[in-house]
Amino acid sequence: MRFLFILLAAFTLVSCNSKPEVEFNSVEITPVFIDSLSIRAIQPLDENRVWFAADQGKVGFIDGDTPKLAVIKYEDTLLHFRSIATTNEAVFVLSIANPAVLYKIGFDGKEATNIEEVYSEKNENVFYDSMKFWNDMEGIAIGDPTADCMSVIITRDGGNTWQKLPCENLPKVEKGEAAFAASNSNIAIYGDNAWVATGGKKARIMHTSDKGKTWEVYKTPIIQGRAMTGIYSVDFLDEKNGVIFGGNWEDKEFNEGNKAITKDGGKTWKLMANGKEPGYRSSVKYIPGTKGQGLVAVGSPGISFSGDGGKNWKELSKIGFFAIEFVNDSVAFASGNKRISKLVFKK
């Protein structure tokens with residue numbers, strides 16, 4: 001009887017602590033928008049509606065089969081957008097390069113109602129990479145250094161005004177350390193936290209636990225040291241568990257030091273599937289509802305899936321994308337060169 005009790009207790013313990021693996025064997029890819037654009041920033045609203053920001057000044061809203069497009073110029077110059085974020089009442093798009101211009105677009109759920117410039121910055125080194133909101137009032141955007149720190153702008157009033165944080169409030173960067181505007185995913189948000197991924201000379205994680213008031217910086221084992229190496233994407237499941245992905249854009253098949261996980265909020269990172277596929281990827285996301293077991297990473301070489309928290313990966317498609325954003329536990333939108341597609345993952 002005592003042996004039976006111990007056996008039952010052990011079984012109960014294992015059952016409570018184990019996490020079921022997730023299984024997808026294929027992905028159905030349906031184009032929803034095709035144009036001669038490079039589209040690196042998307043924000044889905046549901047399974048049928050998605051916002052995007054692209055180059056050539058294009059910003060668009062895809063509602064089912066209907067694209068609604070706008071072309072934005074600044075002083076007769078077409079802007080190039082790689083950052084997008086939404087709140088309940090507005091959409092925000094932020095351009096790369098000089099000048100950096102941030103627009104707030106009013107949205108009533110069906111149509112854009114107005115557009116206004118809410119921030120601009122002129123500097124020969126300015127280059128904003130990504131943008132996220134903690135809630136409807138507070139948001140953050142990240143850019144490459146214009147001094148000896150990353151560029152960080154914050155809003156506390158729903159995006160009506162933005163302020164750039166002074167370098168004395170931020171970690172110092174190494175010469176040649178910056179960020180990648182590859183997929184609008186080098187910022188991850190959870191609760192009051194934000195994690196920012198860098199690359200180039202150093203591949204590190206900047207972390208704030210109080211919506212940008214104070215910051216720390218953590219080392220990672222991701223490949224670094226060259227202009228196109230480092231972390232391209234970061235995602236967090238909760239305050240403790242996160243994933244980073246990247247690699248070497250100039251050697252996309254190289255699969256060492258390009259993916260890692262943390263279980264302590266980003267303080268320490270452990271390489272996963274090191275030396276195994278996939279290689280370079282520009283966007284990684286936890287699959288909703290899978291308790292951290294399901295992961296999808298996309299990049300120009302294709303779509304990769306893990307059902308065991310990143311230990312093992314398999315290629316689902318060789319069709320390349322820059323960015324992916326999930327709507328639910330099996331449907332996502334992905335954007336890439338000349339297209340946005342709906343992805344349905346199947347067992």
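The second largest pocket, where this tour starts, has a volume of about 370 Å³, a pocket being, on a 1 Å grid over the protein atoms alone, an open set of points where a 1.4 Å probe fits, with protein on both sides within 12 Å along at least five of seven lines. Grid points are joined across faces, edges and corners, and the volume is the space filled by probe spheres set on the points. The model is predicted, with local features needing pLDDT of at least 70 and side-chain atom pairs counting only at pLDDT 80 or more, while totals for chains, interfaces and linings use all residues. Residues are numbered from 1 along each chain as its sequence is written, and side-chain values use heavy atoms, with hydrogens and water left out.

**The second largest pocket**

Select Ile 261, Lys 263, Gln 293, Gly 309 and Lys 311, which lie nearest the centre of the second largest pocket among the 20 residues that line it; a lining residue has an atom within 4 Å of a point. Strand S23 (259–262) and strand S24 (270–271) are the elements that give two or more residues to this lining, strands being DSSP runs of E of at least two residues, numbered from the N terminus. Coloured by class, the lining of the second largest pocket shows six nonpolar, seven polar and seven charged residues, where Ala, Val, Leu, Ile, Met, Phe, Trp, Tyr, Cys and Pro count as nonpolar, Asp, Glu, Lys and Arg as charged, and the others, Gly among them, as polar.

**The largest pocket**

Move next to the largest pocket, whose volume is about 480 Å³. It is lined by 28 residues, and those closest to its centre are Gln 43, Lys 132, Phe 133, Ile 189 and Glu 325. Several strands each supply at least two residues of this lining, among them strand S1 (26–44), strand S11 (128–133) and strand S29 (323–326). In the lining of the largest pocket, 15 residues are nonpolar, seven are polar and six are charged.

**An open sheet from S7 to S10**

Strand S7 (81–86), which also contributes to the lining of the largest pocket, belongs to an open sheet of four strands in the order S7-S8-S9-S10, with antiparallel pairing; two strands pair if DSSP finds at least two bridges between them. S7 and strand S10 (112–121) are at the edges, each with a single partner strand, so one side of each has no neighbour in the sheet. From one strand to the next the twist averages 20°, the axes being lines fitted to C-alpha atoms and the angles running from 0 to 180 degrees between N-to-C directions. Five bridges pair S7 with strand S8 (residues 90–95) in the antiparallel sense, and Ser 83 has Leu 94 in S8 as its bridge partner. After S8, select Pro 99, which is placed in the loop between S8 and strand S9 (100–107) and is joined to Asn 98 by a cis peptide bond with omega of about 5°.

**The disulfide**

How many disulfides does a search of the whole structure find? The search finds one, a disulfide being a pair of cysteine sulfur atoms within 2.5 Å. Select Cys 149 and Cys 167, whose sulfur atoms are 2.1 Å apart. The torsion about their S-S bond is about -75°, so this disulfide is left-handed. Cys 149 sits in the loop between strand S12 (139–143) and strand S13 (151–155), and Cys 167, 18 residues apart from it, in the loop between strand S14 (163–164) and strand S15 (177–178). Both Cys 149 and Cys 167 are buried, where buried means under 20% relative accessible area, exposed over 50% and partly exposed in between, with a 1.4 Å probe and protein chains only.

**Strand S25 and the loop before it**

Pro 278 lies in the loop between S24 and S25, and the peptide bond that joins Glu 277 to Pro 278 is cis, with omega of about 5°. Continue into strand S25 (residues 283–286), from which Ser 283 and Lys 285 point one way and Val 284 and Tyr 286 the other way, all of them buried. S25 pairs with strand S26 (residues 295–299) in the antiparallel sense over four bridges, and Lys 285 has Val 296 as its bridge partner in S26.

**Two loop residues to finish**

Select Gln 56, in the loop between strand S2 (49–54) and strand S3 (58–63), which has a positive phi of about 55° although it is not a glycine. Gln 56 is partly exposed, with a relative accessible area of 33%. Asp 76, in the loop between strand S5 (73–74) and strand S6 (77–78), also has a positive phi, near 70°, and Asp 76 is exposed, with a relative accessible area of 74%.
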